[in-house]
Every structure is written in C-alpha cells, then in structure tokens.
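Ready for some practice in reading a protein model? Keep the sequence and the 3D view side by side, and work through each exercise before you look at its solution.

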Amino acid sequence: MNARETLNAIYRPLEAKRAAVQDALRPLGLRVASAYYNGHYQKDEDGDYVRNDYPIPVVEVTGLCDVEIEPDHLSVSAKLTRERALAYDFSRLRGYSYEVYGVQDYLTDYAGDDVKEAIRNSAEREIGFSFSFPFETEGETLCAFASFLREEGFYA
C-alpha cells in the first residue's frame, strides 16, 4: 500500500464520522462547522501529554463545544469560567470520562482528589474540560450531551 492509500484508509472513517457528527449536531440551532487541526495533545501510557502532529477533524458548535475526532475515540471540549467551575457540582459529571485543565496553560491537569482546590490555586480565568467517548458513539448521543453542556453553563 502506498502513502496515499494508507492515508485514505486512515482518514476515510474519520471523515465519515465528521460528517455524521456535524449532521447530528445541527438540530441544536447553533452554527456547526468543521475543519482539520494538528498540534493537539493526548496523554500517553505514562499520563504525560504528548503533541500529535497529524491533523484530525474537529466539529465546532459555535459558543458551546468542539468535538475532536481521533482515530480511536471522540473528545468533546468545553469550558467554564473559573468562578462557575469552583461552584460547579462535579457529581453531575459522574459517569463521564473527562479531564480538567487550564485554558491558558492547557498542559496543567487538574485531575485528582481535589479538583476544586487545584482550580482555586491556579491563575486561570477559564477551566477546560475534555470529555472522552468511544469512536462508535452515535450522533444522537453527542447531541444530547451537547444539550446537557449548554444546560450546565459550559461554552466554547
């Protein structure tokens, strides 16, 4: 298989998922657009952030969230203001897999036993959240989750 065929084999399912996600999120009544971005970070096996150079499709729901389509999973990213994050009832996120990090210093991970204390000790004005979903997650589920984020006061 040559390089073009290899890249097409990798990107064909990503592009199909991008189109499905974008179509599923349109009923939210917000502007939905997409683009490809590189330079995103993921944790490696040791829990350290590593930069990925390859571009991935990102579906942007204006003012609400971004859906990053990775080869093996989906991430939904949104933010809360520092004040809102400190007042937020994190038990409302029980059942979701997510990371909490700084927006200015996005490699600062606030995960741990006392997320609010880590936020309180930071200089961040906004707190980022990245929610992880299996690649197979249906668009309807993502639309319902995006609606949940809007109800909870999250934004992009």
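**Exercise 1. Find the residue with a positive phi in the hairpin of β2 and β3.**

Solution. Step 1: look at the five residues between the two strands of this hairpin; there, G47 takes a positive phi near 85°. Step 2: check the strands themselves, β2 (residues 40-43) and β3 (residues 49-52), which run antiparallel and are joined by four bridges. Strands here are DSSP runs of E with at least two residues, helices are runs of H or I with at least four, and both are numbered from the N terminus. Two strands pair if DSSP finds at least two bridges between them. Step 3: pick out one pair, Y41 and its bridge partner R51 in β3.

Before going on, a word on the model. It is predicted, so local features need pLDDT of at least 70 and side-chain atom pairs count only at pLDDT 80 or more, while totals for chains, interfaces and linings use all residues. Residues are numbered from 1 along each chain as its sequence is written, and side-chain values use heavy atoms, leaving out hydrogens and water.

**Exercise 2. Write down the strand order of the six-stranded open sheet and name its edge strands.**

Solution. Step 1: the order is β1-β4-β5-β6-β8-β7, with antiparallel pairing. Step 2: β1 (32-37) and β7 are the edges, as each pairs on one side only. Step 3: from one strand to the next, the twist averages 25°. Step 4: at the β7 end, six bridges link β7 with β8 (residues 126-134) in the antiparallel sense, and Y98 has F131 in β8 as its bridge partner.

**Exercise 3. Decide whether V21 is buried or exposed, and list what it touches.**

Solution. Step 1: locate V21 in helix α1 (residues 3-25). Step 2: apply the cut-offs (buried is under 20% relative accessible area, exposed over 50%, partly exposed in between, with a 1.4 Å probe and protein chains only). V21 is buried because its relative accessible area is 1%. Step 3: leaving aside residues up to four places away in sequence, V21 touches V59, V67, I69 and L142, where contact means heavy atoms within 4.5 Å.

**Exercise 4. Place L107 in the chain and classify its accessibility.**

Solution. Step 1: L107 sits in the loop between β7 (97-102) and α3 (115-120). Step 2: its relative accessibility is 37%, so L107 counts as partly exposed.

Methods:
Axes fitted to C-alpha atoms, helices over the stretch in contact; angles between N-to-C directions.
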